[in-house]
Amino acid sequence: MITRRDLLLTMIAIGDGSVEGRTRLTKLMYIVKVKLLELVNDLRHFLLRKKIREILDKYYEFKMHYYGPYSEELIKDLKILENEGFITSEIVPLYDFYQYKYTVTDKGRRRAEDVIKELPDEILELFKWVKKKYGKAPLTLLLHDVYRTFRKIELKYTKKRRSF
């Protein structure tokens with residue numbers, strides 16, 4: 001059974017095995033949720049739709065915060081992943097601020113590889129697309145897209161979902 005923590009670990013592991021910034025990582029996971037909502041409402045394939053619903057049922061809840069969607073559960077899960085040895089975090093200076101850089105460990109990579117084997121191809125491709133498009137993009141672009149595009153999609157599909 002894939003947990004939301006497994007999905008978070010997988011997002012970090014995809015590509016170069018790291019994500020710079022808690023805000024970035026939170027937004028990447030938020031975009032995945034929104035795209036899954038969009039996908040589950042457009043699918044005709046019952047088994048894939050069922051798998052996506054299972055993932056969405058245990059996925060992170062987001063609330064609007066200073067820099068857009070935020071999840072306390074996600075931050076707690078990052079600490080758990082670090083305490084369990086799946087990821088490391090380091091504080092990296094950024095201008096007058098600092099940010100966390102999360103990197104997958106060998107143990108984490110092995111777990112992520114197991115998760116990837118269980119994920120349907122469509123969901124894995126979604127994770128890869130999000131990480132490739134926004135993993136290293138300027139944070140301003142990521143935040144812009146979250147506010148302007150993905151927030152509208154989320155509102156559209158969460159309204160539909162509540163009506164079921």
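Me: Buried, exposed or partly exposed: which is Asp16?
Reply: Buried means under 20% relative accessible area and exposed means over 50%, with partly exposed in between. This is a predicted model, and in it Asp16 has a relative accessibility of 48%. That value falls between the two cut-offs, so Asp16 counts as partly exposed.

Me: Okay, and which residue does Asp16 form a salt bridge with?
Reply: Asp16 sits in the loop between H1 and strand S1 (18-20), and its partner is in the loop between H6 and H7, so the pair ties together parts that are 120 residues apart in sequence. The closest N and O atoms are 3.0 Å apart. The partner counts as exposed, at 57% relative accessibility. It's Lys136.

Me: How far apart in sequence are the parts that Arg5 and Asp77 tie together?
Reply: The side chains of these two meet in a salt bridge, 3.2 Å from N to O. Arg5 lies in helix H1 and Asp77 in helix H4, so the pair links parts of the chain separated by 72 residues.

Me: Which of that pair is buried, Arg5 or Asp77?
Reply: The cut-off for buried is under 20% relative accessible area. Arg5 comes out at 27%, so it is partly exposed. The other partner has just 2%. The buried one is therefore Asp77.

Me: Which residues are joined into one network by salt bridges that share partners?
Reply: The structure holds nine salt bridges. Some of them share partners, and the network they make includes the Arg5 and Asp77 we just met. The full set is Arg4, Arg5, Glu73 and Asp77.

Me: How are H1 and H5 oriented to each other?
Reply: Helix H1 (residues 4-13) and helix H5 (residues 106-118) pack with their axes 9 Å apart, at an angle of about 110°. Angles of 65 to 115 degrees count as roughly perpendicular. H1 and H5 are therefore roughly perpendicular.

Me: How many nonpolar residues does the contact of H1 with H5 have?
Reply: On the H1 side, the contact is made by Asp6, Leu9, Thr10 and Ala13, while H5 brings Gly108, Arg109, Arg111, Ala112, Val115 and Ile116. By class, two are polar and three are charged. The nonpolar count is five.

Me: Which element gives the most residues to the largest nonpolar core?
Reply: That core has 47 residues, and Leu25, Met29 and Leu78 are the ones with the most contacts inside it. Elements giving two or more residues include H1, helix H3 (46-57) and strand S5 (97-104). The top contributor, with 10 residues, is H2.

How values were computed:
Residues are numbered from 1 along each chain as its sequence is written. This is a predicted model: local features need pLDDT of at least 70, side-chain atom pairs count only at pLDDT 80 or more; totals for chains, interfaces and linings use all residues. Side-chain values use heavy atoms; hydrogens and water are left out. Axes are lines fitted to C-alpha atoms, for helices over the stretch in contact, and angles run from 0 to 180 degrees between N-to-C directions. Helices (H or I, at least four residues) and strands (E, at least two) are DSSP runs, numbered from the N terminus. Angles under 35 degrees count as roughly parallel, over 145 as roughly antiparallel, 65 to 115 as roughly perpendicular and the rest as oblique. Contact means heavy atoms within 4.5 Å. Ala, Val, Leu, Ile, Met, Phe, Trp, Tyr, Cys and Pro count as nonpolar, Asp, Glu, Lys and Arg as charged, and the others, Gly among them, as polar. A nonpolar core is a set of buried Ala, Val, Leu, Ile, Met, Phe, Trp, Tyr and Cys residues joined through side-chain atoms within 4.5 Å. Buried means under 20% relative accessible area, exposed over 50%, partly exposed in between (1.4 Å probe, protein chains only). A salt bridge is a side-chain nitrogen of Lys or Arg within 4 Å of a carboxyl oxygen of Asp or Glu.
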